[in-house]
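User: Could you walk me through the terms used for this structure? I'd like to see what stands behind each one.

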Amino acid sequence: MKTRTAVFTAPKSIEIREFELPSLGAHQILVKVKSCALCTWEQRFYKGSASEDYPFRGGHEVAGEVVELGKEANCVAGVGDPVCLAIMTRCGTCDFCRRGMDNFCDCDNGGRVPGQPWGPGGLSDYVILEDYQVYSAGSSRDFASLALAEPVACVARSVSRPEIEFGDTVLVQGAGIMGLLHILLLKQQGVRVMVSEPDAARREQASALGATVAMSPFDAVFEDAVQEFTRGRGFKAIFFTAGGVPAVEQAVSLLSKGGWLCLYGSIHPKGMMQLDPNCIHYNEYVLTGTFSHTRRSFRQAVEMLSYGLVDVSHFISKKVAFPDVQQGFELAIQPDTYRVVMMFE
Ligand SMILES: [Zn+2]
Ligand SMILES: [Zn+2]
């Protein structure tokens, strides 16, 4: 069987290549891709700001339909059923996988051949995955939304990291798609959410999705507003999703005693921050980060999406038909776009 796949050969250059799929292994599953969202990681390859090599096969936010199950494939989904794909491979046996920290799997780079296209390859008509990578989406066939299981899984992990309780007050820094997904999931935890975001249109989105207060961190009365919103205590948890080092430094100053600072976003270009270690001792702050998703959080995300517990349709700015991947990326890199989803027949 043949499949088409999108290969990034250089900045702004994507070729659609056709190749023969290998035969299906006993524990593998053949999936017809129905949707693939264009994440910022792939956008960096498109724009030419990625640090890794071409040729690259992008596409890691993927949903589809089961076509064929290997003889010994262990999967609750049957042929024709909708599934979400955790397309990043996990060995299952390295020390991190055995600790339940499979986001740090040591074997993620396996099989890279110089000069050959590498990468998750979700921008393809068909993919062959191991059975553990395929999650049943129940009866949901909203493939554009199901493609967002991966970012929802990353945010689900972030939101479940700090010890927050019903009635707590938290801050989300940044209202891009990741900040907004934080708001959606945090609202389900019974907490009050404030958002700091310089852009007025994004603040409006944040309010529409349930943030009680949305304000620019550069506003002259920002810190007074925090005092009022938190009854002078500071935030029980702060989620950094976008901004630079000064935003992280500001976050430390806004925590309550026993507060958690969770670095969800990375910072480019990198920089150093000033931090008085005594503030961690005296205030029992917890400074932590989350990177990527685990099997556990991916399962949670697929359940939430397939049961309709979170509505991610607000984040789908545009759908584009495969194979016009180039057009998809041109739209995806526009600053006011959340997610462009490639749709397959
Ligand atoms: Zn992603
Ligand atoms: Zn591993």
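User: What share of the 345 residues of the protein count as buried, and what makes a residue buried?

Analyst: Of the 345 residues, 43% count as buried. A residue is buried if 20 or more other C-beta atoms, placed from the backbone, lie within 10 Å of its own; with 12 or fewer it is exposed, and in between it is partly exposed. This is a predicted model, where local features need pLDDT of at least 70 and side-chain atom pairs count only at pLDDT 80 or more, while totals for chains, interfaces and linings use all residues. Residues are numbered from 1 along each chain as its sequence is written, and chains are lettered from A and ligands numbered from 1 in the order in which they are written.

User: Why is the protein called as compact as a globular protein of that length?

Analyst: Its radius of gyration, taken over C-alpha atoms, is set against the globule rule, 2.2 Å times the number of residues to the power 0.38. The protein has 21 Å, close to the 20 Å that the rule gives for 345 residues, so it is as compact as a globular protein of that length.

User: Which residues of α11 are buried, and how do you know that they are on the same side?

Analyst: In α11 (residues 325-332), they are V325, G328, F329 and A332. The arc, that of the directions from the helix axis to the C-beta atoms, is only 95 degrees, which puts them on the same side of α11. They pack against β1, β2, α1, β14 and β15, where a contact means C-beta atoms within 7 Å.

User: What counts as a helix or strand, and how many are there?

Analyst: Both are DSSP runs, numbered from the N terminus: helices are H or I with at least four residues, strands E with at least two. By that rule the protein has 11 helices and 15 strands.

User: What makes β9 and β10 a pair?

Analyst: Two strands pair if DSSP finds at least two bridges between them. Three bridges join β9 (residues 192-196) to β10, and the two run parallel. One of the bridge partnerships is that of M194 with V213 in β10.

User: Why are β10 and β13 said to stand at the edges?

Analyst: The open sheet has six strands in the order β10-β9-β8-β11-β12-β13, with parallel pairing. β10 (213-215) and β13 (286-289) each have a single partner strand, so one side of each is left without a neighbour in the sheet.

Technical notes:
Two residues are in contact if their C-beta atoms, placed from the backbone, lie within 7 Å.
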